[in-house]
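Dear colleague,

I am passing on the structure we spoke about, and below it you will find my notes on a few side chains. Please read them with the coordinates open beside you.

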Amino acid sequence: MEIRVCELPSVSIIGMEGGAEPGHNPAPALWEQANARFSEVEALALRDENGAPVGVWGAMSDLSRSFLPWEDGFTRGLYLAGVQVPPEALPPEGWVKWTLPAFACLQVKVEGDYAAAFREGLDELEHRGLSLAGAAQECRRPAEGGQLCLFFPFKRL
C-alpha cells in the first residue's frame with residue numbers, strides 16, 4: 001500500500017449530505033442520490049485540462065461540521081458524497097456545499113480492502129508519532145483511473 005505525506009489545499013465540494021451512526025452507513029445511499037442527480041451539478045465540477053473532474057469526494061466531518069474526526073470509534077459523523085467545485089460555486093437546491101480546510105496529511109492509496117487501508121492509515125500515523133487532527137477524507141481521481149485515496153490530517157504528538 002502506498003503511503004505518503006502531502007499538503008492538501010482547501011477543497012470545495014458540492015454533494016449529498018447524510019449522518020452516520022453506529023450500525024448505519026449513509027454513504028451507499030448518498031452516492032446513489034448524487035450519481036442519479038449528477039446532471040444538476042455537472043457544469044459546476046472543477047475539471048482538469050482534459051475535461052475530467054478533478055476529484056470525486058467522500059468528505060467527512062464530525063457532527064458540528066468542524067471537520068474533526070468521527071466519534072464513537074469512527075461510527076458517528078457526517079458524510080458528503082460529491083464533486084470538487086471552484087470555491088465560488090453555489091449548490092443547487094437539494095445539494096450541500098462544504099469547504100474542507102487545508103491540512104498536512106498522510107495519503108493512503110486504497111488497493112483492495114477499504115477497511116484495511118483505513119486501519120493502515122491510522123497505524124501509520126501512530127508509527128510516525130502523529131495523531132489524527134481532523135476527519136479522514138476520501139477522494140477518487142477520475143483522471144488517474146478512478147484511484148481512491150484516503151487522507152488523514154495529522155498533528156505531531
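The notes that follow cover salt bridges and then two further residues.

Please keep in mind throughout that this is a predicted model, so each distance and accessibility given here is computed from predicted coordinates.

Salt bridges

Counting pairs in which a side-chain nitrogen of Lys or Arg lies within 4 Å of a carboxyl oxygen of Asp or Glu, one arrives at six salt bridges. Among them is the pair formed by R65 and E17, whose side chains come to 2.6 Å, N to O. Because R65 sits in the loop between β3 (56-61) and β4 (77-85) while E17 belongs to strand β2 (residues 11-20), this pair ties together parts that lie 48 residues apart in sequence. Both partners are classed as partly exposed, R65 with a relative accessibility of 44% and E17 with one of 25%.

Another of the six links R37 to E40, where the closest N and O atoms are 2.9 Å apart. Here R37 has a relative accessible area of 27% and is therefore partly exposed, and E40, at 39%, is likewise partly exposed.

In a further salt bridge, the side chains of E124 and R128 meet at 2.7 Å, N to O. The acidic partner, E124, counts as buried at 18% relative accessibility, since the cut-off for buried is under 20%, whereas R128, at 36%, counts as partly exposed.

Q84

What surrounds Q84, a residue of strand β4? Leaving aside residues up to four places away in sequence, Q84 touches V11, S12, I13, L44, A45, L46, V54, G55, W57 and R141. With W57, there is also a polar contact of 3.0 Å between the two side chains. The relative accessible area of Q84 is 10%, so this residue is classed as buried.

N25

Is N25, in the loop between β2 and α1 (27-36), buried or exposed? Its relative accessible area is 53%, and N25 is therefore exposed, the cut-off for that class being over 50%. A polar atom of the N25 side chain lies 2.9 Å from the backbone nitrogen of A27. If you want a reference distance for checking your own set-up, N25 and V96, which are 71 residues apart in sequence, have a C-alpha to C-alpha separation of 18 Å.

With best regards

Note on methods:
Residues are numbered from 1 along each chain as its sequence is written. This is a predicted model: local features need pLDDT of at least 70, side-chain atom pairs count only at pLDDT 80 or more; totals for chains, interfaces and linings use all residues. Side-chain values use heavy atoms; hydrogens and water are left out. Helices (H or I, at least four residues) and strands (E, at least two) are DSSP runs, numbered from the N terminus. Buried means under 20% relative accessible area, exposed over 50%, partly exposed in between (1.4 Å probe, protein chains only). A polar contact is a pair of N or O atoms within 3.5 Å; within protein, one must be able to donate a hydrogen and the other to accept it, and residues adjacent in sequence count only if both atoms are side-chain atoms. Contact means heavy atoms within 4.5 Å.
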